[in-house]
Every structure is written in C-alpha cells, then in structure tokens.
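Let's walk through this structure together, starting with a pair of helices and then moving on to a sheet. Keep the 3D view open as you read.

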Amino acid sequence: FAVSGFASKKPDAINALLYSHHPLDIQSRSQNLFEITLDLSDIPWSKVRVKEYCFDKGNNSYYCLALELRDRPAGKMAHVGQDTCYSAEEAGRLKEMSMLHVTKDSRHSVGAGGTLRLPVTVMANGADFVVIEPAANP
C-alpha cells in the first residue's frame, strides 16, 4: 500500500488530505488500517476544532449497501416491467449514504510553539480529509 498526503494552510484553517492506495486491490477487499500521526507546527491558535471526513467502504459511501442490494435474492426486489427497481426506502438510504458527513469531530489544545500531534486513521484504499480550525470559545 502507498500511504501519502498533503496539506494547505489558509488564514482561517489548515486542510490535510491523507490517503492510501494499492493498485492491485481494485475491489477494496483489504481491511488494513493505517494509524498516522500528523505533527504540525506554527499553528496560530491555542485551541483547535478538527473535523474529519473519511471516504472508504463504510464512510461517506454507499459501497456496502450497493453490494447488498446487488447481491440480494431476486424475490426481494421490486419489479416494474422487466426493470429491477429500488423501493423508496432503499433509494432514501442510498441518497443518505451518498451525502457528505463529518465522521469525527474533536477539539485539541495546541502545545508550546504552536505544535499539535494529531492521530488520524486511514483505511486501506481510503482517504481522510482533515479540517483544522480555531476552536470557538465555549
């Protein structure tokens, strides 16, 4: 697996994209998880809010549901003419799973010198978009 990423800094946020990829695992069968620690410095805020958007088989994807619907017995499908259709509930689940959702939301104190050690997990053939912003005062 190749594990890589990049980051960018704006006045009001730091964005990072971490990802893993294996060119021979085209069906994303691997269950590997990669534990990564981002060591960041020169962060201008004393406290930060971190939002993560994971993209993998189980997050921000209808992949598993699509396989389930594809592989279900024919008797459980709704048929209209000769076309196989999804029920309204199934279509709603597919739509909901295709919408972008925050998968992790956390707050952290920034260390001396503006340092932050941030643990991030990336699934095999997945990506994690990390948004670091100044935390609002409670």
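In this predicted model, helices H1 and H2 cross each other in a left-handed sense. To find them, look for residues 63-71, which form H1, and residues 88-97, which form H2. The axes of the two helices lie 9 Å apart and make an angle of about 155°. Since angles over 145 degrees count as roughly antiparallel, H1 is therefore roughly antiparallel to H2.

Which residues make the contact between H1 and H2? On the H1 side they are Leu65, Glu68 and Leu69, while H2 brings in Glu90, Arg93, Leu94 and Met97. By character, this contact of H1 with H2 has four nonpolar residues and three charged ones, with no polar residues.

Now turn to the sheet. This is an open sheet of five strands, and reading across it gives the order S1-S2-S9-S4-S7, with antiparallel pairing. Why is one side of S1 and of S7 left without a neighbour in the sheet? Strand S1 (2-10) and strand S7 (104-109) stand at the edges, and each has a single partner strand, so one side of each has no neighbour there. On average, neighbouring strands of this sheet are turned by 20° against each other, direction ignored.

For a closer look at one pairing, pick out strand S2, at residues 13-21, and strand S9, at residues 127-134. These two strands run antiparallel and are joined by six bridges. A handy place to rest your eye is Ala16, which has Val130 of S9 standing opposite.

Conventions: Residues are numbered from 1 along each chain as its sequence is written. This is a predicted model: local features need pLDDT of at least 70, side-chain atom pairs count only at pLDDT 80 or more; totals for chains, interfaces and linings use all residues. Side-chain values use heavy atoms; hydrogens and water are left out. Two strands pair if DSSP finds at least two bridges between them. Helices (H or I, at least four residues) and strands (E, at least two) are DSSP runs, numbered from the N terminus. Axes are lines fitted to C-alpha atoms, for helices over the stretch in contact, and angles run from 0 to 180 degrees between N-to-C directions. Angles under 35 degrees count as roughly parallel, over 145 as roughly antiparallel, 65 to 115 as roughly perpendicular and the rest as oblique. A crossing is left-handed if the near helix is turned anticlockwise from the far one by less than a right angle, and right-handed if clockwise. Contact means heavy atoms within 4.5 Å. Ala, Val, Leu, Ile, Met, Phe, Trp, Tyr, Cys and Pro count as nonpolar, Asp, Glu, Lys and Arg as charged, and the others, Gly among them, as polar.
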